[in-house]
Amino acid sequence: MFGIKNLYFLIPIIGMIPWTGMLITMLICWGVQGHPIYAFIGRKQSPVYISHIGATNLQPLFISASGWQGLFYLLTILTEYLLRKQGKLQYWFKKSERNALFTAVVLGGIGQLGVLLCSCFNIKKFRRAHSVFLGIFIVGVFFSLVAILVQYYLMGKHYQKIHVSHKYWNKFMVSFWLKLLWTVVAAALACAFEGVSSDSLSGRFEWTLAFWYTFLWFIFAWDLFPAAKNHHKNQPYIHDWSKYGYYLYEKNFGSSDGNEKRASSPVLSQERQDTLVDHNGEQGAIPTNREFNDEELEQYPVTSDRETYPIPHGQNVPVYNRVE
């Protein structure tokens, strides 16, 4: 239905819902109780910190939601890792991109373990340990995101070299800038949370940052969505991949002598074969692939059908391998 063949993109959404639900539940309970200032806080503050509410009878909710989102954060990154390795998402171009994602998994795991322990060691009884684990969470997730940003920036730059149309604003660069914007705003909120002198204002920044965290999951879902579509992710545009050093493309589409292992072309009906054109643009019954160079393809925008380019006289042909 709608060309969707799997639901991997729902993994981050499933991880995000309990976290957001926990925040809303905590605020509602604190409001229904009359905005209490808990005895262990020792000062007047409104709103109280998330950790303050998490140290009350709502601690089981705090622990379960923190653990749940941490698990799905790792599942989301690991899913992307596996989908790229299998070719269900665009292959990595360089091993540095693969290594950056692997680094994000390790750092993210450390950070998410930190928030789980932070929720277990409540601020009421274990104030110092709680603060240390909170710091581990913030630092671990931040550098995990930096590694993901590096991966997407590098993939965007390498993708520009081979794609016919998307010379700059490709899917990787869009995702990179969205994540960078999210990270800058999150860093500003975190600095404000820690730096302001007013506890009440600091609490507002903390709650804002916690809700801002939910938007990151939507970006992750958008990253995984291409795996749910039926169009090709790894169309081989180039004859000789060896000079680019794109290792998975060279492995899957190139042989040791530099010749391309062509992906199977769609089966054309006799009617469509009869509309293929020769190198002079004349109509003829040529049942072989017509190859276009960059200059030819750039004259005609991509149609809504991702597998065709329009050519003169209203004819359509499949996208074939780009001529170097």
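How much space lies in the second largest cavity? In this predicted model, the volume of the second largest cavity comes to about 40 Å³. The structure holds two cavities of 30 Å³ or more. Eight names make up the lining of the second largest cavity: Thr-76, Ile-77, Glu-80, Ile-148, Tyr-152, Lys-179, Phe-220 and Asp-223. Helices α3 (59–86), α5 and α7 each supply at least two residues of this lining. The most comes from α3, which gives three residues. By class, the lining of the second largest cavity splits into four nonpolar, one polar and three charged residues.

The chain around these spaces has 324 residues, and 45% of them count as buried. Its secondary structure comprises 10 helices and two strands. The order from the N terminus is α-α-α-α-α-α-α-α-α-α-β-β. The helices thus precede the two strands along the chain. Contacts between residues at least 6 apart in sequence were also examined. Of these, 67% join residues at least 24 apart.

The second largest pocket was considered next. Its space amounts to about 490 Å³. The elements that give two or more residues to its lining are α2 (50–54), α4 (95–120), α5 (127–160), α6 (171–195) and α7 (199–224). In total, 23 residues line this pocket. Nearest its centre lie Leu-134, Phe-137, Ile-138, Ala-190 and Leu-209. The lining of the second largest pocket is made up of 20 nonpolar residues, two polar residues and one charged residue. Helix α6 supplies the largest share, seven residues.

Helix α6 was therefore examined in its own right, given its share of that pocket lining under the helix assignment used. It has 25 residues. From its first C-alpha to its last, α6 reaches 36 Å. This is close to the 36 Å expected at 1.5 Å a residue. At the start of α6, Asn-170 makes an approach through its side chain. A side-chain oxygen of Asn-170 comes to within 3.0 Å of the backbone nitrogen of Phe-172.

Buried positions occur along α6. They are Phe-172, Met-173, Ser-175, Phe-176, Lys-179, Trp-182, Thr-183, Ala-186, Leu-189, Ala-192 and Phe-193. The cover over these buried residues includes α3, α5 and α7. One of the buried residues of α6, Lys-179, also belongs to the lining of the second largest cavity.

Two residues of α6 illustrate different degrees of burial. Thr-183 lies in helix α6. Thr-183 counts as buried because its relative accessibility is 9%, and buried means under 20%. Neighbours within four places in sequence aside, Thr-183 is in contact with Phe-142, Leu-145 and Leu-149. Leu-180 is also found in helix α6. With 27% relative accessibility, Leu-180 counts as partly exposed. The C-alpha atoms of Leu-180 and Ile-148 are 10.0 Å apart in space. In sequence, Leu-180 and Ile-148 are separated by 32 residues. Ile-148 is itself one of the residues that line the second largest cavity.

Helix α3 offers a further example. Gly-67 has its place in this helix. Its relative accessibility is 25%, so Gly-67 counts as partly exposed. Gly-67 and Val-115 are 48 residues apart in sequence. Their C-alpha atoms are 7.7 Å apart in space.

Backbone geometry in the loop between α1 and α2 was also inspected. A cis peptide bond joins Ser-46 and Pro-47, with omega about 0°. Pro-47 is found in the loop between α1 (10–32) and α2. His-35 lies in the loop between α1 and α2 as well. Phi of His-35 is near 55°. This is a positive value in a residue other than glycine. At 46% relative accessibility, His-35 counts as partly exposed.

Conventions: Residues are numbered from 1 along each chain as its sequence is written. This is a predicted model: local features need pLDDT of at least 70, side-chain atom pairs count only at pLDDT 80 or more; totals for chains, interfaces and linings use all residues. Side-chain values use heavy atoms; hydrogens and water are left out. On a 1 Å grid over the protein atoms alone, a cavity is a set of points where a 1.4 Å probe fits but cannot get out, and a pocket is an open set with protein on both sides within 12 Å along at least five of seven lines; lining residues have an atom within 4 Å of a point. Grid points are joined across faces, edges and corners, and a volume is the space filled by probe spheres set on the points. Helices (H or I, at least four residues) and strands (E, at least two) are DSSP runs, numbered from the N terminus. Ala, Val, Leu, Ile, Met, Phe, Trp, Tyr, Cys and Pro count as nonpolar, Asp, Glu, Lys and Arg as charged, and the others, Gly among them, as polar. The expected span of a helix is 1.5 Å times one less than its number of residues. Buried means under 20% relative accessible area, exposed over 50%, partly exposed in between (1.4 Å probe, protein chains only). Contact means heavy atoms within 4.5 Å. A polar contact is a pair of N or O atoms within 3.5 Å; within protein, one must be able to donate a hydrogen and the other to accept it, and residues adjacent in sequence count only if both atoms are side-chain atoms.
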